[in-house]
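Trainee: I should like to take a close look at a single part of this chain. Could you please guide me through one helix and its setting?

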Amino acid sequence: MQESPLAVRRAFGVLFVGVAIAVGSASILSEISFEHKEPIFYYGIIWFGSFAITFGIILGKFRTLLSSIKGRMKNSVKWPSAVKAVNGLCWAAPFATIGIAPHLYQYLILFGIGLGNTSTFFFMKKYSGLVNLEQIIVGAISLAAIPLAIVLDTSLISNQTTAVITSRIMIAVAYGAGGIFALIKK
C-alpha cells in the first residue's frame, strides 16, 4: 500500500526535527564537555546518546515513520546509475575530504549536508516527480551557513571553537526548519 504524499512529508518532517534535536543537544552538551575539559571519549557518548535517545523516543511513538521514509527513499533506486553515483558523491565526497583536510571539517560537514540534500531534491524532482521542499530548505540553509562559519572562524573576535559550534547549530537549524516546514505544509 502506497502512503499519501502528506504522510510521507510528515514522516520526513519528524525525521528532520529529530535530527535537529539530536544535533542541537549533542552540540551543546559536547561544548559543555569541552569547556570542562572532559575526556575525549565523552564526545562519542554524547553524540551517540543524543541520537539514540532522540530516535528511540521518536520511533517508539511513531512506528509507522520507517515505512514512510523507506518508501520515499526507494524512489532513488529507479534512477539511472550515473545519477545515483553523482548523488552519492554529493553526499560522500565532502565528508571523505575531512580525512584530507580535517581543519576544514566544520565547513565540509555543512557542504556535504547542503550539497547532498540539494542534489537529492533536484534528482527526486527530475527522476521521481517529487518536490520535497523540506529537503531543499535543509540544503540551502546548510550551504548559506558556510560563509557565516568562515566569517566567524576568520574574524578577530572569534575562534575555531565558535565556528565549529556555529556550524553544528546551523545544521540543527537547517534540519529543524526543513522538518517544521514539512510538518506544517498542507
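Mentor: What follows is a description of one bent helix, set within the whole chain and then placed beside a second bent helix.

Please bear in mind that this is a predicted model. The chain contains 7 helices and 0 strands, and its pattern along the sequence reads α-α-α-α-α-α-α. The helix I propose to examine is α4, which covers residues 81–97.

Let us begin with its length. Helix α4 has 17 residues, and from its first C-alpha to its last it reaches 23 Å. At 1.5 Å a residue, 24 Å would be expected, and the value found is close to that. The axis of α4 nevertheless has a kink of about 35 degrees, located at cysteine 90. Shortly after this position comes a proline, proline 94.

Next, consider which residues of α4 are covered. Val83, Asn87, Cys90 and Pro94 are buried, a word that here denotes under 20% relative accessible area. The residue at the kink, Cys90, is therefore one with under 20% of its relative area accessible. Part of what covers the buried residues of α4 is the helix α5, residues 105–128.

A second helix, α6, offers a useful parallel. It comprises residues 133–154. Its 22 residues should span 32 Å at 1.5 Å a residue, and because its end C-alpha atoms are 32 Å apart, the two values agree. In α6 there is a bend of about 25 degrees at isoleucine 146, and proline 147 follows within four residues. Several residues of α6 are buried, among them Val138, Gly139, Ser142, Ala145, Ile146 and Ala149. The bend position, Ile146, thus appears in the list of buried residues.

Finally, we may return to the chain as a whole. For 186 residues, a compact globule would have a radius of gyration near 16 Å; the chain has 17 Å, so the two agree. The C-alpha trace spans about 50 × 35 × 25 Å along its principal axes. Of the 186 residues, 41% count as buried. Among contacts with a separation of 6 or more, 72% join residues 24 or more positions apart. The accessible surface comes to about 10,200 Å², and carbon and sulfur atoms account for 74% of this surface.

Terms used:
Residues numbered from 1 in each chain as written. Predicted model: local features only at pLDDT ≥ 70, side-chain atom pairs only at ≥ 80, totals over all residues. Heavy atoms only, no water. Helix = DSSP H or I, 4+ residues; strand = E, 2+ residues; numbered from the N terminus. Expected span 1.5 Å × (residues − 1). Bend = angle between axes of the 7 residues up to and from the residue. Buried < 20%, exposed > 50% of the residue type's maximum accessible area, 1.4 Å probe, protein only. Contact = heavy atoms within 4.5 Å. Rg over C-alpha atoms; globule rule 2.2 N^0.38 Å. Areas by Shrake-Rupley, 256 points an atom, 1.4 Å probe, with all protein chains shown as cover.
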